[in-house]
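Hi everyone, thanks for making time for this. I'd like to walk you through one part of a model and then step back to the whole chain. Let's put it on the screen.

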Amino acid sequence: MVLLILLGSLVVLFLSIALWYLIFRKPLPFPIPPAPQDRAPAFTFAVYDVAKPLGVAASADGTRIYLTQSDGDQATLVLDGLGNRIGVLAPPPTVASRATQLYVAVNPTTSEVFASDRLAGQVYVYDADGAYARRFDPGPDLAGWQPLALAFDADGILYVTDVAGLFHRVHQFAPDGRLLRSFGAPGVLSFPNGVAVDETGNVYVSDTNDGRLVVFDPSGGQLGVVSRGPTESELGLPVGVAIDEADRVFVVDSVAHGVQIYAALRPGDRAPEYLTTFGVEGTSDGAFAFPNGIAVDGRGRVYVADWNNDRLQVWSY
């Protein structure tokens with residue numbers, strides 16, 4: 001009798017999962033126990049046949065991956081959670097005859113995808129499946145800007161790094177598109193290729209040409225720095241930045257061919273605490289050759305654009 005009840009419960013569970021997937025086309029949102037903060041993820045699989053991938057973003061449930069390419073036809077790919085190609089992000093010809101999209105980010109409140117085109121001075125907006133929606137308007141004060149890295153916080157506030165002129169900055173936009181503030185004093189940032197926001201609102205920016213990770217508070221005041229240097233806790237050429245739900249800060253160090261992991265900055269500290277590193281130089285699974293962009297989802301996966309190996313690597317906790 002007990003066995004029959006158990007079998008019946010399993011059947012009901014299976015049918016419930018199947019019905020959920022048929023209705024919502026996404027996995028059940030089971031919570032995933034957080035891994036110890038100082039543990040590195042493990043290599044899971046790679047997506048090949050991409051041309052010099054640069055930027056990557058993922059939906060929170062991991063069912064959509066967005067990947068820019070800096071070579072070939074430079075199409076920005078839409079992939080499913082297994083890495084299969086299901087579409088592209090492309091503005092219509094009336095908007096851009098050829099979009100050179102560099103970085104992408106997903107708005108967690110709307111699932112819209114934002115893509116930066118530095119050369120055209122544009123940020124394009126798409127729906128989750130890749131259909132073009134509109135151009136983002138930064139307002140008259142930012143005419144002539146050169147948007148580069150993109151990130152959202154949990155409330156849908158957008159952060160965009162701008163590399164126009166000699167004074168490189170970070171712009172913060174409200175969910176309705178209004179410019180809230182710009183920060184980064186002259187000489188502080190040089191070609192910031194990555195930006196991410198932790199749960200307290202602190203903003204982490206890869207100061208690429210200066211070899212640093214700079215942390216700002218929500219109002220733009222500088223809080224801390226991870227410096228350039230030879231030790232394992234320091235950086236060489238930081239590019240992509242991502243922060244997961246455990247407040248681990250992932251920083252791609254392109255010339256070190258790996259990813260540094262730090263704890264989010266604690267009050268009173270001058271730098272985020274170094275935790276560990278993953279990846280080595282090479283071409284085999286789990287090795288990198290000048291990686292660039294990085295993203296995380298809410299299911300414990302880390303996505304790395306392995307630039308010179310022409311592939312996307314997926315790591316998991």
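Start with β15 and strand β16, the latter covering residues 212–216: these two pair in the antiparallel sense, over five bridges. If you want one bridge to look at, take Val203, whose partner in β16 is Phe216. The two strands form a hairpin with four residues between them, and in that turn Gly211 has a positive phi of about 70°. I should say right away that this is a predicted model.

Now turn to the other neighbour. Strand β14, residues 192–197, also pairs with β15 in the antiparallel sense, again over five bridges. Here you can look at Ala196, which has Tyr204 of β15 as its bridge partner. This hairpin has five residues between the strands, and Gly201 takes a positive phi near 95°.

So what about β15 itself, is it covered or open? Strand β15 runs over residues 203–207 and is mostly covered, with five of its five residues buried. Val203, Val205 and Asp207 point one way, Tyr204 and Ser206 point the other way, and all are buried. Yes, that list of buried residues includes Asp207.

Let me move along to Leu223, which sits in strand β17, residues 222–226. Is Leu223 buried or partly exposed? With a relative accessible area of 37%, it is partly exposed, because buried would need a value under 20%. Leaving aside residues up to four places away in sequence, Leu223 touches Asn202, Val215, Phe216, Asp217, Leu265, Asp269 and Arg270. You met Phe216 a moment ago, as the bridge partner of Val203. As for Asn202, it is 21 residues from Leu223 along the chain, and their C-alpha atoms are separated by 8.7 Å.

Stepping back to the whole chain, we have one helix and 26 strands. Of the 317 residues, 54% are buried. Taking contacts between residues at least 6 apart in sequence, 45% join residues at least 24 apart. The chain exposes about 14,400 Å², with carbon and sulfur atoms supplying 57% of that.

Finally, a word on confidence. The average pLDDT for the chain is 91, and 89% of the residues score at least 70. Over residues 17–28, though, the pLDDT is below 50, and this stretch has 12 contacts in the model beyond near neighbours in sequence. Residues 10–14 also stay under 50, and for them the model has zero contacts beyond four places in sequence.

That's my tour, and I'm happy to take questions.

Key:
Residues numbered from 1 in each chain as written. Predicted model: local features only at pLDDT ≥ 70, side-chain atom pairs only at ≥ 80, totals over all residues. Heavy atoms only, no water. pLDDT = per-residue confidence, 0-100. Contact = heavy atoms within 4.5 Å. Buried < 20%, exposed > 50% of the residue type's maximum accessible area, 1.4 Å probe, protein only. Pairing = 2+ DSSP bridges. Areas by Shrake-Rupley, 256 points an atom, 1.4 Å probe, with all protein chains shown as cover.
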